[in-house]
Amino acid sequence: MSLTYFGLMLLLLTAAFFVGRSRSYAVAGGRFADLHSLPVYHGLFVALGVFAPMVLIYMAGVPLVRYLAQDAALSFFPPDVLNDPLQRSVILRDVVRVAAGQFAGEPSATLKDAAAAAINTQNTGDMAIIFGGLAAGLAALIASFWQISLRFRARHWVERFVIIVLGVCAIVAVLTTIGIVFSVMFETYRFFFDPSLKGRPTVLEFLFGTEWNPQAAMRADQGDIKTAFGFIPLLTGTLLITFIAILVAGPLGVFSAIYLAEYASPRLRAVAKPVLEILAGIPTVVLGFFAALTVAPLIRSMGEYYGLDVASESALAAGLVMGMMIIPFISSLSDDVINAVPQSLRDGAYALGATKSETIRQVILPAAFAGIVSAFMLAISRAIGETMIVVMAAGLAANLTFNPLDAVTTITVQIKTILVGDQEFDSAKTLAAFALGFVLFFVTLMLNLIANRIAHKYREQYD
Amino acid sequence: MTSDAFKARIKKRYRSEAMFRAYGALSLAITAVFVIAVVTDIVVKGMPAFWQHSLVLDVTVKADDIDPKATKDPAVIRAADYFTLTRDTLRAAVPGVEGRLAKKELDGLMSSGAANELREMLAADPSLIGQTIKARFLLSDDADLYLKGGETEIEKFPGRGVVTPSGTTGEITLLTSSNDFADDLVRVKKALAVRIDGLRRDLRRAERGDPGWAERIREEIAGLEARVNQPSVAETMDANLPSLLVAMNGGLVKLTSIGNADAKGTVILPLTSAADAQPGTWDVVTYTRPEANRKISDLEVSFLEKLKADGKVQNHFNTIFFTAGDSREAELAGILGSLMGSILMLSVTLAICLPVGVLAAVYLEEFAPKNWFTDIIEININNLAAVPSIVFGLLGLAVFLNFFGLPRSAPLVGGLVLGLLVLPTIIIASRAALKAVPPSIKEAALGVGASKQQAVFHHVLPLAMPGIMTGTIIGMAHALGETAPLLMIGMLAFVVDVPGSLTDSATALPAQIFIWSDLPEAAFQAKTAAAIMVLLVVLFVMNGTAIWLRRRFERRW
């Protein structure tokens, strides 16, 4: 039905375009310079005139017909059954299956009748949509056809429409943010305040609890295992791994940037830049595989050699590899800000007799400081939100520890663990993932906003 | 002027200069080494997975088994029972295997899909039925892994004296003319000594933690030491010692106990006769890694070694890897399903991102009025680019699956989520490309009477297109490698069939990598690395294309 409708619409649109264009030729009668708009715009104008009502009718008609068909089917069942939402949804599902011929077993007579009625209504409705749409399209075609004249400003109309389309595209990004905020906030709100939810924590319990154990909330018969939604162990785990990562990536990234910007010959730059880009382009699932199967066992055996107890999923392994992942991020951002420091500052320092490293330490780095700080904050935000490396190389147990050789878990690991597989949206466990997602979104957003603000506010203005 | 203190200061300054420079070079070097380590590690782990081993055996295809009514219908031929045929063919290739357990181990060498190739061969050419043909049978992943090496070393020591077996099958005793097993017994005692060293290391750890465990280890060490200290007392072999076998009279005997002059053992491959074996005609074979420490048993090693010696093992390119979907059996698992899933997903992503992203960029760069609302859009896009990808997964789960009721694991949903994820990247790249077009172009168009939209769409946008394409390809590469949001929307499924439509259950290449990396079988580890290699090659080609586009079409104004 949709295919037929849009097929017909496409035909009508094409026809409308050519009708409108040839009409403008006819109106101009050879004096094209007198036409306000090019014939192409007249064609587009008529086509858009057809497009708008047909799309509107489709968008309004389809849900309406579906609702009517449902209504027709449900009228075969007694009202007391229909008042129970569970039975109602079961009936609707069965009717859909009978109508599609996929019902397992022999449907009851009522079901058959209901399905027949639903199909009947659906078909009638579909016909109505198709003919209604065609009629409206034709009417619009004729109406816009008569609009065309020598002075008619078809181009203005078309351009106005184009601007609206462009604006809508720009708003998609905003809608995405709104979608994220609302979906995550809504479930988070339910997690804390929905009275029908069993085992939900208070906000304070969540923020300051030191035990994380969402699994116990799964089954009722596990009553004696205490469910706990304490966020602190996840926070410390995330911070520990992030700290290790920044400890690795910070110095390496900044020194790489300094070397590339100030010391490296063009030939070395031509080699080193792509290497950093390759590192930036390696998917994190690959780095996770490397962390879990190569780095973690290596650290473990090294620890054993020195007589240390290293967990097989140590925070150190995940943090090291994550640090490596962030290096290109920090180095490219720092490279940009170092290059933005004007040459005159360097020349001034050299003229005073400073060596290159003194110039860098005492002139360039202070000038680029805000940019580098902002790069670090963006890197921290990236590390906190990184998922695959920690999912593959960090543990699941929520240990409250700062020992990098122990296994810790992170916010992203817990979100992934809870949400992989089937979920029901009415368990505290599932909603806990959304609460974690909210925290993650909020923290990274704040870090980004502050980073951008620092970069803007404290940027040294030269020239 | 140049006092000593001054010279010292100069020296110090130059030294710190050199140090500083060295730090920079070192940082770059460490990063480069890491990249090389990752890539090398993946390639070393993944390369073996592109090859696999099969047996090439003569198989007599009886018409009664495959197509009794001579229909020559491929459907009938495909539906026939190949299990028995495969099993009997293999048993014919390794004759004389006795005992239920040994037979089971022999059968287990074959993959459960061993007969797939034969089946397709017969279906394609039914005239082969009734003939004896050479066909290829896929080995199981464990057998394949053994043949690729690394499981155990095999050492051969030529026998010196004369050995007399007490029989040709079953449990037999081997008697030597003099102390011909003395060297082998020494090797066994040495292996025991090595084991004691290992236990001592465990003991140190146990003493710190678990006293009961430490006590048990101490007892075990004492027992082993008693055995080592009596060099000529016979040893009973166990799975924690290297396996000793005697190859003689065309057969193979696995030793269960060994003394200086005699040994007891079980016949694995039957001896042709119970005659004396003269010096030089028999060998003591050692599988150096103890049976308990490897995935493959002595029996299986012996069978495979015999098949290999008979020239029946073939190493060939692993086409299954590129033509099959996922499977529980490592040797039958392939990436085609996940690759198709990724392609379907990326087509959705591209269909959303390219038009929406470019049009949004055109709006923001060329038409948007400067007011608070467009400011919000701008800030929003910049921040959206930095939102963790897993949050987009939450969005997909809550909105597309829960609210709109779209199917789980569908490439459609994955594509939508990835579309939203890379949209900011594409908008930012497109805006940069539009900005790079000099205003003179637009002004010239406006000057000859074009409308603003005509100037933008006819002149500015085409000139910005190479830059936009470069940004789009890089965005798509980013989307291809993204895994975390896919986990949220059920793309982590076990999907055997290659998906054909946007609403089929599917997985994506990086999700497949994640699934395989979690599996315990060693063979899947190689598969994971191989799948990563495929992913990296695709990404490399995409990024290479983007760079090439940039070089080829970029114009400096």
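Let's start with a single pairing in chain B: E171(B) has T266(B), in strand β9(B), as its bridge partner. Keep in mind as we go that this is a predicted model. The two strands meeting here, β5(B) and β9(B) (residues 262–269), run antiparallel and are joined by 5 bridges.

Strand β5(B) has another partner too. Strand β4(B), residues 163–165, pairs with β5(B) in the antiparallel sense, over 3 bridges. There, V163(B) sits opposite T176(B) of β5(B). Together β4(B) and β5(B) make a hairpin with 5 residues between them, and in the turn G170(B) has a positive phi of about 75°. As for side chains, in a regular strand they alternate between the two faces of the sheet.

Now step along to the loop between β5 (171–176) and α8 (182–209) of chain B, where you'll find N179(B). Is N179(B) buried or exposed? It falls in between: N179(B) counts as partly exposed because it has 15 C-beta neighbours inside 10 Å, and being buried would take 20 or more. Leaving aside residues up to four places away in sequence, N179(B) touches N260(B) and A261(B). E98(B) is another story: 81 residues from N179(B) in sequence, and 31 Å from it in space, C-alpha to C-alpha.

How far can you trust chain B? Its mean pLDDT is 86, with 99% of its residues reaching 70 or more. Within chain B, confidence is lowest in helix α2 (residues 63–66), with a mean of 77, and highest in helix α16 (residues 439–447), at 92. For the model, the scores are ipTM 0.87 and pTM 0.87.

Over to chain A, and to where it meets chain B. Here 67 residues of chain A are in contact with 65 residues of chain B. On the chain A side, α6(A) brings the largest share, 19 residues. That side divides into 44 nonpolar, 18 polar and 5 charged residues.

Helix α6(A) itself covers residues 154–193, 40 residues, and reaches 55 Å from its first C-alpha to its last, close to the 58 Å expected. Follow α6(A) along and you'll meet a bend of about 30° at V172(A).

Helix α8(A), residues 232–263, is worth a look as well. Its 32 residues should span 46 Å at 1.5 Å a residue, so the 44 Å between its end C-alpha atoms agrees. There's a bend in α8(A) too, about 25° at A249(A), with a proline, P251(A), following within four residues. Helix α8(A) is mostly covered, with 24 of its 32 residues buried.

Note on methods:
Residues are numbered from 1 along each chain as its sequence is written. Chains are lettered from A and ligands numbered from 1 in the order in which they are written. This is a predicted model: local features need pLDDT of at least 70, side-chain atom pairs count only at pLDDT 80 or more; totals for chains, interfaces and linings use all residues. The expected span of a helix is 1.5 Å times one less than its number of residues. The bend at a residue is the angle between axes fitted to the seven residues ending there and the seven starting there. Two residues are in contact if their C-beta atoms, placed from the backbone, lie within 7 Å. Ala, Val, Leu, Ile, Met, Phe, Trp, Tyr, Cys and Pro count as nonpolar, Asp, Glu, Lys and Arg as charged, and the others, Gly among them, as polar. A residue is buried if 20 or more other C-beta atoms lie within 10 Å of its own, exposed if 12 or fewer, and partly exposed in between; C-beta atoms are placed from the backbone. pLDDT is the predictor's confidence in each residue, from 0 to 100. Two strands pair if DSSP finds at least two bridges between them.
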